[in-house]
Amino acid sequence: MNDHLSIKESNRFLIIVTGFNCEQYIDRCYNSLLKQKCEWIAVFIDDESTDQTWNKMRLIEDHRVTIIRNERNIGAAASRLLAAKLGQ
């Protein structure tokens, strides 16, 4: 687990972004996070996309963002649970 992801005893929000073949939305999503006034950390999870979603996510260089790629497609709900566990 990454220490910077821990939200326990903090006032940060954990943002979970799951994606499957959604490359066209990654930049918009990340730019929206940058506009937020609150403290946040984010987990972006690519659910084994077949487009450029993974490559777009990997371009994000921000210490508040962790990027993960599932080894197989597990669906949005399971991906969110995985991200939530990482954020604890």
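**Entry 1. Elements of the chain**

I take helices (H or I, at least four residues) and strands (E, at least two) as DSSP runs, numbered from the N terminus. On that basis I read the order of elements from the N terminus on as β-α-β-α-β-α. I note that the model is predicted. I looked up the totals and found 3 helices and 3 strands.

**Entry 2. The sheet**

I asked in which order the strands stand in the sheet. I found an open sheet of 3 strands in the order S1-S2-S3, with parallel pairing. I then looked up the edges: strand S1 (13–19) and strand S3 (65–69) each have a single partner strand, so one side of each is left without a neighbour in the sheet. From one strand to the next, the twist averages 15°.

I next examined the pairing of strand S2 (residues 40–46) with S3, which is parallel and extends over 5 bridges. I recorded one bridge by residue: Asp46 has Arg69 in S3 as its partner. I return to these two residues in Entry 5.

**Entry 3. Helices on the sheet**

I looked up which strands helix H1 (residues 23–34) lies across, and found S1, S2 and S3. I recorded its direction as about 170° to S2. I then turned to helix H3 (residues 76–87), which packs on the sheet and touches S1, S2 and S3. The direction of H3 makes about 150° with that of S1.

**Entry 4. Salt bridge between two helices**

I note beforehand that side chains of opposite charge can pair when their charged atoms come close. I asked how many salt bridges the chain holds. I obtained a count of 3, taking a side-chain nitrogen of Lys or Arg within 4 Å of a carboxyl oxygen of Asp or Glu.

I examined Asp27 and Lys56, whose closest N and O atoms are 2.8 Å apart in a salt bridge. Asp27 belongs to helix H1 and Lys56 to helix H2 (residues 53–58), so this pair ties together parts that are 29 residues apart in sequence. I looked up the accessibility of each residue. Asp27 is partly exposed at a relative accessible area of 39%, and Lys56 is partly exposed at 24%.

**Entry 5. Salt bridge between two strands**

I returned to Arg69 and Asp46, and found that they form a salt bridge with 2.9 Å between the closest N and O atoms. Because Arg69 lies in strand S3 and Asp46 in strand S2, the pair ties together parts that are 23 residues apart in sequence. I had already recorded these residues as bridge partners in the sheet.

I asked whether Asp46 is buried or exposed. Asp46 has 0% relative accessibility and therefore counts as buried, the cut-off being under 20%. Arg69 is partly exposed, at 37%.

**Entry 6. The remaining salt bridge**

I looked up Asp62 and Arg64, which form a salt bridge with the closest N and O atoms 2.8 Å apart. Asp62 is buried, with a relative accessible area of 13%, whereas Arg64 is partly exposed, with 26%.

**Entry 7. The chain as a whole**

I recorded that buried residues make up 31% of the 88 residues. I then looked up contacts between residues at least 6 apart in sequence, and found that 69% of them join residues at least 24 apart. Lastly, I noted that the chain exposes about 5800 Å², of which carbon and sulfur atoms supply 48%.

Key: Residues numbered from 1 in each chain as written. Predicted model: local features only at pLDDT ≥ 70, side-chain atom pairs only at ≥ 80, totals over all residues. Heavy atoms only, no water. Pairing = 2+ DSSP bridges. Axes fitted to C-alpha atoms, helices over the stretch in contact; angles between N-to-C directions. Contact = heavy atoms within 4.5 Å. Buried < 20%, exposed > 50% of the residue type's maximum accessible area, 1.4 Å probe, protein only. Areas by Shrake-Rupley, 256 points an atom, 1.4 Å probe, with all protein chains shown as cover.
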